[in-house]
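Let us go through a structure together, with a learner asking how its features are read and a teacher replying.

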Amino acid sequence: MSLLRVVARHAARPWARAYASESSSPLPPVTGVYKVFDRTAKRKQRDRAVSRDAGVGSRTVDYVRDEVADRMMERLLDIKRKFDTIVDLGSGPGHFSKLLEPEKTRKVLMIDSSETTLNRDLDEEFEVEVERVHADEENLLDVLPRNSQEAIVSCLSLHWVNDLPGVLVQIREALKPDGLFLGAMFGGDTLFELRTALQLAEVDREGGISPHISPMTDTKDISNLLSRAGFTLLTVDIDEVLVGYPSMWELLEDLRDMGESNAVVGRRHFLHRDTLAAASAIYKELHGNEDGSVPATFQIIYMIGWKPSPNQPKPLDRGSAQTNLKDVL
């Protein structure tokens, strides 16, 4: 069992993050949409995670998603509007949906590609009416008609889609004019400590590296993606969840129970034991805490966008201001 020690904002070693990012194996271009992830393998991983030990392990490792869902809810509560229905895209068992109250919405529609995960928890654990739909997040418009939803949220699921720009366009299409999209996804610095340890160990023991942690979207690209998808009034911010573990081995166990194991197309399905042992030692040497535990950083990108509507506030034309900044400052 893991040791959850800290949940906090964290300023980490920039050189280690840079190495983790720059050393990632490049993905070859393909025709059409990049097939970065094996979606079938990912669904099976998540199904197994919930089925193992009757879901006990899966519930034990809810801490990251629960924390991010709580921070997402803070952002939703800042929006002074009540919604009839909120769509929770890639909902899992309902980390975010369980926080919804009747004062904010009447109903939540949970959509997830893993049917086992979707139905893990009972309706009695929710404060609002729940409807569950087993469907692939990459094909949202097969489930939701265009211009039909007031609000769509997504809590830590978009990092597994192959066509993120296309999914964002589908979300915008499914929203009504002036509809809300609120999302959170893992950023590129997520698990940089584990990435660097595995890379250094693999180079030392096997003479090369292969991707063992999924590539993730860079934070500076999110605003551009939302804008290109047709959203307006954008808000993007970054936060971090820092978790402490007794060693790298407990982190790997928890990632498995979260259903967050590697699902990159063409991935290696095993690592030599001595490579993993070397990675564990490197992890502790480079990143270990004074008490002997090791940290794992989960970088979270939060995003808010609105579907355009004629009645939305719009910025004034450039040069139309009536007050000189020199007078104010």
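**Charged pairs and a helix crossing**

D123 is partly exposed, at a relative accessible area of 41%, where buried means under 20%, exposed over 50% and partly exposed in between, using a 1.4 Å probe and protein chains only.

Q: What kind of model is this, and how are its residues numbered?
A: This is a predicted model, in which local features need pLDDT of at least 70 and side-chain atom pairs count only at pLDDT 80 or more, while totals for chains, interfaces and linings use all residues. Residues are numbered from 1 along each chain as its sequence is written, and side-chain values use heavy atoms, with hydrogens and water left out.

Q: How many salt bridges are there, and with which residue does D123 form one?
A: Side chains of opposite charge can pair when their charged atoms come close. With a salt bridge defined as a side-chain nitrogen of Lys or Arg within 4 Å of a carboxyl oxygen of Asp or Glu, the count comes to 24. D123 pairs with R132, their closest N and O atoms being 2.5 Å apart, and R132 is partly exposed at 22% relative accessibility.

Q: Which residues are joined into one network by salt bridges that share partners?
A: That network consists of R59, D62, K98, R120, D121 and E125. Within it, R59 and D121 form a salt bridge whose closest N and O atoms are 3.2 Å apart. Because R59 belongs to helix α3 (residues 56-60) and D121 to the loop between α5 (115-118) and β3 (129-134), this pair ties together parts that are 62 residues apart in sequence; helices (H or I, at least four residues) and strands (E, at least two) are DSSP runs, numbered from the N terminus. R59 is partly exposed at 38% relative accessibility, whereas D121 is buried at 2%.

Q: Which residue pairs with E131, and is that partner, K107, buried or exposed?
A: E131 forms a salt bridge with K107, with 2.7 Å between the closest N and O atoms. E131 lies in strand β3 and K107 in strand β2 (residues 105-112), so the pair links parts 24 residues apart in sequence. K107 is buried, with a relative accessible area of 16%, while E131 is partly exposed at 34%.

Q: At what angle do helices α9 and α10 cross?
A: Axes are lines fitted to C-alpha atoms, for helices over the stretch in contact, and angles run from 0 to 180 degrees between N-to-C directions. The axes of α9 (residues 248-258) and α10 (residues 273-287) come within 9 Å and cross at roughly 110 degrees, so the two helices are roughly perpendicular, a term covering 65 to 115 degrees.

Key. Parallel < 35°, antiparallel > 145°, perpendicular 65-115°, else oblique.
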